[in-house]
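Q: Please take a close look at the interior of this model. Which parts of the chain build it, and how are they packed?

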Amino acid sequence: VDAICERLDRLPLAIELAAARIGVLPPRALLARLEQSLDLLRGGPRDAPPRQRDMRQAIAWSHNLLTVSDQALFRRLGIFVGGFTLEAARAVMDGNIDALDGVSALVTASLVKPIDGAGDEPRFTMLETIREYALERLTASENEWSIRQAHARYIVTLAEGVWELPDGPVTEAGMRRMLLEIGNIRLALGWSLHHEPDTALQLAGALADHWVMYGSYTEGRDWVERALQAAPQAPCRYRARALLTAGWLAMDQGDLDLADACLAEAVTRARKAPDEKLLIMSLGIHGLVALKGNALERARQLFEEERTCAVGGEPLHRAIATAHLGQVAMARGDLAVAQDLFEEALAIHQAGSGPTGVAFGHLYLGQVNLARGNHARAAAFFQEAWTRFANLRGLGGVVRAVEGLAGAVVTSQPDQAARLLGAAAAQREVGGWLRDQLEAPVYEKTAAMTWHALGEQAYDAAWNAGRLMTREELRAGIDALVATFAEPPALSAPEGNMTHGLSPRELEVLRLLVEGHSNRAIGDTLSLSGRTVENHVTHILAKLGLESRTAAATYAIRHGLA
């Protein structure tokens, strides 16, 4: 009954007219027939005025009070699914009509209503029953085809606008706005596939970040693969971008063979297309496919070319390419090199490439610190990553951070690790997030260690308790867990040796380390090679009897060395 009322926009007259059918149609049967609700919503009391006996006549009564130009705008706005902006209204209306005046008239007539938009941009929608009437009028008009074409091209313009934005916070805001247009995106793709396949291919590819960012892997693959098949002669740039999208989505769903084929062709075509972002992204995602397939040298070559192309371009691209090389180093077991690269990438992100990059930067540093056995430091990074991902709608990084934190606490608190694994499993089911092949071995090791530490019964109980945790309970649990890691103990300075046995050069390195610089940044500042800086850091840790860079930074601050 509630679903029926929702479908009828909770309009009293519509509900009364639907209720009149209940003697013949039980609620579930009635709901199933409400796809075309106006045909069903008639037959009210015969002594009532016509507009109170038939929902179509009720809407028609309001419609007929409009001017001719407002009627034209009304039926055209019926094309939008899930709402529209004033800009969208202008895209489908006659140039002789002022969008603000026209929409205002429809709001006054209660045929359109304001809803929440993105930021300060006003947004409007029609109730579904009213929109159904508007579409009937549009279909009966002589220009339905041109309105649908204008609608599709407007959505393409929006998607292209987001693709062309400088990567960073502005782009992320644009993608969040596109979330409001998902109904219009689907409508535009469906219409274009049958009438303008090149437009469908252009749109499906321009939404690459959207499909991946918000976990729409299966839907995105379906649209882009259908568009690739329907538009074999589309412009090179459109096909390259669609192939990038298809390969990216296939990779995230574990289909590495298809991903490799799509991305190899995407890279070839992208070299011919005047789109720097397209080439950089194609190289990067193709490198990830090689990395996931354990072709480490091939991955390194692709990532090196990606970073070379990104030099002088968007900071986000340079940061991503640097982090990609860090992933190769980590896969090879070069954990110190990997940490340096991840720190460098995070520094670029923090300089202004956007909150998503900063969140991933903390995630990668959590992973490499976990691999190096620095559990306290790893836990802190995973906590920060989780907090940042939790503020970003639709990102699967929240799950990866929770599973990473489970790995950091499994040896000290296996019961809490099991709860975290259960919470992560529940989130994966809800979001449809697949586990990254690169992270599967660490996850499986964490799960096995937890199970052996607790035993089957205790493990199952803790895991199931984790599945039931609310987001607030999970946040509180993560904060409490990270707080249990004590800071490294301070060491007393030897009498008469205020430098604690460190050479002048080592003191310089230590002070830059305290400021958060990576080995590479320290080397640039002191004109040293990365290997030399790494040796200095190793000697500093050995002389101070410490195990991590974080511990060294804490020690330096406590003892006045920085």
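A: The answer below starts with the whole chain, goes through the interior, and ends with some points outside it.

This is a predicted model, in which local features need pLDDT of at least 70 and side-chain atom pairs count only at pLDDT 80 or more, while totals for chains, interfaces and linings use all residues. Residues are numbered from 1 along each chain as its sequence is written, and side-chain values use heavy atoms, with hydrogens and water left out.

The chain has 32 helices and three strands; helices (H or I, at least four residues) and strands (E, at least two) are DSSP runs numbered from the N terminus. Of its 562 residues, 52% count as buried. Buried means under 20% relative accessible area, exposed means over 50%, and partly exposed lies in between (1.4 Å probe, protein chains only). Among contacts in the chain with a separation of 6 or more, 66% are between residues 24 or more positions apart, a contact being heavy atoms within 4.5 Å.

In soluble globular proteins, nonpolar side chains tend to be buried together. A nonpolar core is here a set of buried Ala, Val, Leu, Ile, Met, Phe, Trp, Tyr and Cys residues joined through side-chain atoms within 4.5 Å. The largest such core has 143 residues, and the members that touch the most others are Phe 74, Leu 77, Phe 84, Val 103, Leu 405 and Leu 420. Helix H16 (residues 236–252) gives the most to this core, with ten residues. Leaving aside residues up to four places away in sequence, Leu 77 touches Phe 84, Ala 89, Val 92, Val 103, Leu 106 and Met 126. A second, separate core of 20 residues includes Leu 507, Val 537, Ile 540 and Leu 561.

Phe 74 and Leu 77 are also among the buried residues of H6, together with Asp 70, Gln 71, Ala 72, Leu 73, Arg 75 and Arg 76. Helix H6 (residues 68–77) is largely enclosed by the rest of the structure, because eight of its ten residues are buried.

Next comes the sheet. Three strands form an open sheet in the order E1-E3-E2, with antiparallel pairing. Strand E1 (84–85) and E2 stand at the edges with a single partner strand each, so one side of each has no neighbour in the sheet. Two strands pair if DSSP finds at least two bridges between them, and E1 is joined to strand E3 (residues 123–125) by two bridges. In one of these, Thr 85 has Arg 123 of E3 as its bridge partner.

Helix H9 (residues 128–140) has 13 residues, and at 1.5 Å a residue these should span 18 Å, in agreement with end C-alpha atoms that are 18 Å apart. The expected span is 1.5 Å times one less than the number of residues. Thr 129, Ile 130, Arg 131, Glu 132, Tyr 133, Ala 134, Leu 135 and Leu 138 are buried in H9.

Further along, Gly 404 sits in helix H24 (residues 397–409). Gly 404 is buried, since its relative accessible area is 9%. Not counting residues up to four places away in sequence, Gly 404 touches Leu 370 and Phe 382. Gly 404 and Tyr 443 are 39 residues apart in sequence, with C-alpha atoms 7.7 Å apart in space.

Helix H19 shows a one-sided arrangement. Its 15 residues should span 21 Å, and the end C-alpha atoms are 21 Å apart, which agrees. The buried residues of H19 are Leu 296, Ala 299, Leu 302, Phe 303, Glu 306, Arg 307 and Ala 310. They lie on the same side of H19, because they cover an arc of only 140° around the axis, taken from the directions from the helix axis to the C-beta atoms. These buried residues pack against H18, helix H20 (315–331), helix H21 (335–350) and helix H30 (519–526). Gly 312, just after H19, has a positive phi of about 85°.

Two loop residues stand apart from the interior. Asn 294, in the loop between helix H18 (276–292) and helix H19 (296–310), has a positive phi of about 65° although it is not a glycine. Asn 294 is exposed, with a relative accessible area of 60%. Ser 110, in the loop between helix H8 (99–108) and strand E2 (113–115), is likewise not a glycine and has a positive phi of about 65°. Ser 110 is exposed at 55% relative accessible area.
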